[in-house]
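Student: Could we go through this model together, asking each time what lies behind the words used to describe it?

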Amino acid sequence: MRRADRSGRILRLLYVEDNPADVELVKAALEECEFPVELDSVDDGGKAIAFLRHRGIYSDAKRPHVVLLDLNLPGRGGEEVLMEIKSDVRLKEIPVLVFTSAADDA
């Protein structure tokens with residue numbers, strides 16, 4: 001975790017990605033940021049929802065300012081996670097950036 005800047009602000013991101021190499025790449029990129037970023041990551045959609053709803057092992061999780069969501073996830077897929085976030089009155093205001101690394105052009 002990086003320390004807050006002079007204003008005391010830290011950008012908290014939740015990265016939902018099942019590829020550990022992609023998680024490491026994003027961590028490395030965020031280290032280059034000029035502002036402090038706290039990154040949490042989970043590797044499937046069920047864990048993402050548990051994290052956001054503070055359930056189970058995520059009961060002490062901090063609410064992220066932004067969710068980075070991979071569309072292609074094992075189990076509960078990215079589309080389902082997005083629909084669940086945006087239909088929950090407590091979560092729907094969190095911005096979600098959706099991406100995929102699928103090779104399919106469609």
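**Reading the terms with care**

Tutor: In this predicted model, 34% of the 106 residues of the protein count as buried. The protein has three helices and four strands, and from the N terminus on its elements run β-α-β-α-β-α-β. About 6,800 Å² of the protein is exposed, with 51% of that supplied by carbon and sulfur atoms.

Student: How do the contacts in the protein divide by separation along the sequence?

Tutor: If we take contacts between residues at least 6 apart in sequence, 72% of them join residues at least 24 apart.

Student: What makes α2 largely enclosed by the rest of the structure?

Tutor: Six of the eight residues of α2 are buried, so this helix is largely enclosed by the rest of the structure. The buried residues in α2 are Gly-45, Ala-48, Ile-49, Ala-50, Phe-51 and Leu-52, and the elements they pack against are β1 (11-16), β2 (37-42), β3 (66-70) and α3.

Student: Why are α2 and α3 called roughly parallel?

Tutor: Helix α2 covers residues 45-52 and helix α3 covers residues 78-87, and their axes, which come within 9 Å, cross at roughly 20°. Angles under 35 degrees count as roughly parallel, and therefore α2 is roughly parallel to α3. As for handedness, the crossing in which α2 passes α3 is right-handed.

Student: Which residues meet where α2 and α3 are in contact, and what kinds of residue are they?

Tutor: From α2 come Gly-45, Ala-48, Ile-49 and Leu-52, and they meet Val-81, Glu-84 and Ile-85 of α3. Sorted by kind, the residues of this contact are five nonpolar, one polar and one charged. Glu counts as charged, while Gly counts as polar, so the charged residue is Glu-84 and the polar one is Gly-45.

Student: How do you know whether Glu-84 is buried or exposed?

Tutor: We set its value against the cut-off: buried means under 20% relative accessible area, and Glu-84, which is found in helix α3, has a relative accessible area of 19%, so Glu-84 is buried.

Student: Which residues are in contact with Glu-84, once its neighbours within four places in sequence are left aside?

Tutor: With those neighbours left aside, Glu-84 is in contact with Ile-49, Arg-53 and Arg-76. Ile-49 has already appeared among the buried residues of α2.

Definitions and conventions: Residues are numbered from 1 along each chain as its sequence is written. This is a predicted model: local features need pLDDT of at least 70, side-chain atom pairs count only at pLDDT 80 or more; totals for chains, interfaces and linings use all residues. Side-chain values use heavy atoms; hydrogens and water are left out. Axes are lines fitted to C-alpha atoms, for helices over the stretch in contact, and angles run from 0 to 180 degrees between N-to-C directions. Helices (H or I, at least four residues) and strands (E, at least two) are DSSP runs, numbered from the N terminus. Angles under 35 degrees count as roughly parallel, over 145 as roughly antiparallel, 65 to 115 as roughly perpendicular and the rest as oblique. A crossing is left-handed if the near helix is turned anticlockwise from the far one by less than a right angle, and right-handed if clockwise. Contact means heavy atoms within 4.5 Å. Buried means under 20% relative accessible area, exposed over 50%, partly exposed in between (1.4 Å probe, protein chains only). Accessible areas come from the Shrake-Rupley method with a 1.4 Å probe; for residues, only the protein chains shown count as cover.
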